[in-house]
Amino acid sequence: MTKRSMYIKMITSSLIRRRSRMFVALLAVAVGATILSGLVTVYYDIPRQMRQEFRSYGANFILVSASGETISEESAAAALGCIPEDKVVGTAPYRYETVKINEQPFMAAGTELSEARKASPYWFVSGEWPERDGSVLIGQEVADVIKLLPGNSFTMTGTDLAGESFSRDFRVSGIVQTGGTEEAFIFMSLADFASVIGENGAFDVVECSISASQAELETIAARVTEIAEDVAPRLVTRVTRSEGAVLTKLQALVFLVTAVVLLLTMICVATTMMAVVAERRKEIGLKKALGAPDKSIITEFLGEGLLLGCLGGALGSALGFGFAQIIGVNVFSRAVQFPAALAPATLIASVLITGLACLIPVRSATYVDPAIVLRGE
Amino acid sequence: MALLDIKGISKIYGSVKALQNIDLAVEQGEWLSIMGPSGSGKTTMMNIIGCMDKPTDGKVILDGIDISAESARNLTAIRRDKIGLIFQQFHLISYLTALENIMVAQYYHSMPDEKEALQALDRVGLLERAKHLPSQLSGGEQQRVCIARALINYPMLVLADEPTGNLDEVNEGIVMDIFRQLHSEGSTVVVVTHDPEVAEEAQRTVILEHGRIARITYNVGRESRKGE
């Protein structure tokens with residue numbers, strides 16, 4: 001047997017055969033590593049998760065005409081091509097025109113209703129989203145003025161692009177409540193809109209909901225400006241800024257909690273190791289009496305500590321992923337992604353923290369006087 | 001030259017004089033007993049001889065080295081290389097087997113050698129108990145493991161503190177047989193004891209009282225005669 005294998009035998013035997021004592025220290029390290037791993041996973045996954053959450057608050061990126069007129073369908077398509085497909089939640093092009101119902105003017109909006117639903121998931125619709133030609137959504141304000149309910153029909157009149165008057169019956173499929181300006185609109189499909197107003201091959205605005213950070217949105221905006229000169233991309237700052245602020249605060253909170261947990265873990269491990277050293281004073285004294293230099297005493301106790309850190313770190317890495325999943329499912333209602341590099345990082349962090357926590361207890365072990373602790377009774 | 005030469009040592013703790021002007025020489029191969037009542041300075045004497053304490057005054061020469069003038073680090077090395085310690089409470093490491101407890105001494109001394117450690121266990125009649133933990137051994141067996149550990153590195157001086165203090169009569173007999181064998185093989189043995197029967201096994205018994213040598217008894221078998 002070599003010295004190294006004897007050393008390994010000694011530290012593993014100490015942990016395995018004194019498991020009830022070392023279990024507390026292992027538990028402290030494992031709990032610390034679990035929370036570390038879990039919170040770091042959440043820390044890195046928060047932007048992704050929160051961006052998904054923020055997409056519930058509607059469009060964060062809008063395309064308008066650079067000249068103040070309309071955007072041609074070709075320019076809109078070119079601009080939308082600049083947005084990575086995997087980041088698109090919904091892109092709703094809009095055309096607007098004033099129409100009349102019972103001689104009262106209202107704003108009609110033609111859009112791709114399925115995309116509008118994706119881009120504006122916060123809309124509360126009483127009734128159904130339109131699925132057939134001739135069905136529309138009307139805002140709550142419109143419904144209140146002309147006393148319409150889902151299922152009712154009304155006649156829309158107005159003047160089309162050619163200057164001709166039109167009159168067409170529509171059925172109210174649902175009533176939109178948003179608490180915003182949308183409640184004064186009548187939403188219909190682009191086809192229905194074109195059937196009454198006429199086709200001009202252009203949009204007034206394109207509302208986009210994109211799952212990206214403010215920096216990423218700015219990059220996309222720059223690319224749109226380059227590719228489609230007649231399109232002016234705009235970030236919806238009230239959304240993107242509040243998104244950034246919330247993310248920063250959340251990440252700071254998680255960072256702070258992680259730091260506190262690490263500190264508590266270190267204190268717990270240090271306290272446990274202190275107790276371990278105190279209760280093993282006779283063993284330390286004996287080893288010194290047998291001729292063990294201080295260096296050996298330090299390396300043995302440090303070895304035990306680092307092995308504990310290793311085991312606790314491995315355990316914590318696995319449990320941390322579970323912990324992060326619980327947070328993800330319960331807080332964000334979706335699974336979190338586990339960064340692959342986090343497992344070795346947690347292991348290394350656990351070993352370092354345990355090693356650091358062991359320094360003072362291990363140092364105190366070298367002060368044990370064999371003549372005192374081995375004294376006969 | 002004596003293996004151990006104690007020259008006028010004193011040990012003072014505050015106002016307590018644990019040892020006062022002790023002179024004693026132990027020859028190579030000698031078996032010496034140190035006796036005395038509680039507080040007579042036996043343990044202090046053993047700690048100084050065992051390189052675990054230093055005298056306040058005087059010199060202790062062990063194998064030509066003045067151990068009273070050495071640093072703590074050097075004393076650890078001298079203890080490791082030259083002294084085999086046997087304790088009344090055995091002091092085995094609870095989480096290591098009998099065999100591993102012996103190999104620990106080898107580990108600190110030079111290189112663990114399982115074969116040699118097994119031979120040491122065989123020598124004290126515990127070969128079949130090699131894989132047992134201390135908690136699975138009787139007091140007598142634990143003491144025999146402690147003796148095997150003390151002897152594994154071939155020390156110049158075997159220092160035993162009340163080696164039979166916690167043993168029954170049967171195990172006391174077994175342990176004393178081992179000491180007799182050790183002595184017959186030429187080992188130098190110093191035994192601190194309060195048991196006159198154990199002390200009489202030695203060639204010479206030093207009796208301490210109030211930190212001084214009260215008398216030295218020379219034993220011839222069970223016969224004894226007083227000297228000096």
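This report describes chain B as a whole, then salt bridges, a helix pair and four single residues in a predicted model.

**Chain B as a whole**

Chain B contains seven helices and eleven strands. The chain has 228 residues, and 59% of them count as buried. Among contacts in chain B with a separation of 6 or more, 65% are between residues that stand 24 or more positions apart. The accessible surface of chain B is about 9500 Å², and carbon and sulfur atoms account for 48% of that surface.

**Salt bridges**

Side chains of opposite charge can pair when their charged atoms come close. Over all chains, the structure holds 20 salt bridges. Three of them, found among these 20, are set out in the table.

| Pair | N to O distance |
|---|---|
| Glu100(B) and Lys9(A) | 3.2 Å |
| Arg280(A) and Glu304(A) | 2.8 Å |
| Arg123(B) and Glu185(B) | 2.2 Å |

Take the pair of Glu100(B) and Lys9(A), which form a salt bridge through their side chains. Glu100(B) belongs to helix 3 of chain B, residues 98–109, while Lys9(A) belongs to helix 1 of chain A, residues 3–17, so this salt bridge joins two chains. Glu100(B) has a relative accessible area of 9% and is buried. Lys9(A), with a relative accessibility of 29%, is partly exposed.

The next pair lies within chain A: the side chains of Arg280(A) and Glu304(A) form a salt bridge. Arg280(A) sits in the loop between helix 8 (237–279) and helix 9 (281–289), and Glu304(A) sits in helix 10 (residues 294–332), so the salt bridge ties together parts of chain A that are 24 residues apart in sequence. Is Arg280(A) buried or exposed? Its relative accessibility is 3%, so Arg280(A) counts as buried. Glu304(A) is buried as well, at 2% relative accessibility.

The remaining pair in the table lies within chain B, where Arg123(B) and Glu185(B) form a salt bridge. Arg123(B) is in helix 4, residues 114–123, and Glu185(B) is in the loop between helix 6 (169–184) and strand 8 (188–192) of chain B; the two are 62 residues apart, and the pair links distant parts of the chain. Arg123(B) is partly exposed, at 35% relative accessible area. Glu185(B) is also partly exposed, with a relative accessibility of 48%.

Salt bridges can also share partners: in this way Arg280(A), Glu283(A), Lys287(A), Glu300(A) and Glu304(A) are joined into one network.

**Helices 10 and 11 of chain A**

Two packed helices are described by the angle between their axes and the distance between the axes. At what angle do helix 10 and helix 11 of chain A pack? The angle is about 150°, and the axes are 7 Å apart; helix 11 covers residues 342–365. An angle over 145 degrees counts as roughly antiparallel, so helix 10 of chain A is roughly antiparallel to helix 11 of chain A. The crossing of these two helices is right-handed. Residues of helix 10 that make the contact include Ile297(A), Phe301(A), Gly305(A), Gly309(A) and Gly313(A). On the side of helix 11, the contact residues include Ala343(A), Leu347(A), Ser350(A), Gly355(A) and Val362(A).

**Two threonines**

Thr111(A) is placed in strand 4 of chain A, residues 104–111. With 1% relative accessibility, Thr111(A) counts as buried. Which residues are in contact with Thr111(A), leaving aside its neighbours within four places in sequence? They are Ala92(A), Pro93(A), Tyr94(A), Ala116(A), Met188(A), Ser189(A) and Leu190(A).

Thr164(B) is placed in the loop between strand 7 (157–161) and helix 6 of chain B. Thr164(B) is buried, at 5% relative accessible area. Apart from its neighbours within four places in sequence, Thr164(B) is in contact with Glu172(B), Val175(B), Met176(B) and Val198(B).

**Two residues with positive phi**

Glu103(A) is not a glycine, yet its phi is positive, about 65°. Glu103(A) lies in the loop between strand 3 (88–101) and strand 4 of chain A. The relative accessible area of Glu103(A) is 60%, and this residue is exposed.

Glu162(B) is not a glycine either and has a positive phi of about 45°. The loop between strand 7 and helix 6 of chain B holds Glu162(B). Glu162(B) is buried, with a relative accessible area of 9%.

Methods: Residues numbered from 1 in each chain as written. Chains lettered and ligands numbered in written order. Predicted model: local features only at pLDDT ≥ 70, side-chain atom pairs only at ≥ 80, totals over all residues. Heavy atoms only, no water. Helix = DSSP H or I, 4+ residues; strand = E, 2+ residues; numbered from the N terminus. Buried < 20%, exposed > 50% of the residue type's maximum accessible area, 1.4 Å probe, protein only. Contact = heavy atoms within 4.5 Å. Areas by Shrake-Rupley, 256 points an atom, 1.4 Å probe, with all protein chains shown as cover. Salt bridge = Lys/Arg side-chain N within 4 Å of Asp/Glu carboxyl O. Axes fitted to C-alpha atoms, helices over the stretch in contact; angles between N-to-C directions. Parallel < 35°, antiparallel > 145°, perpendicular 65-115°, else oblique. Left-handed = near helix turned anticlockwise from the far one by under 90°.
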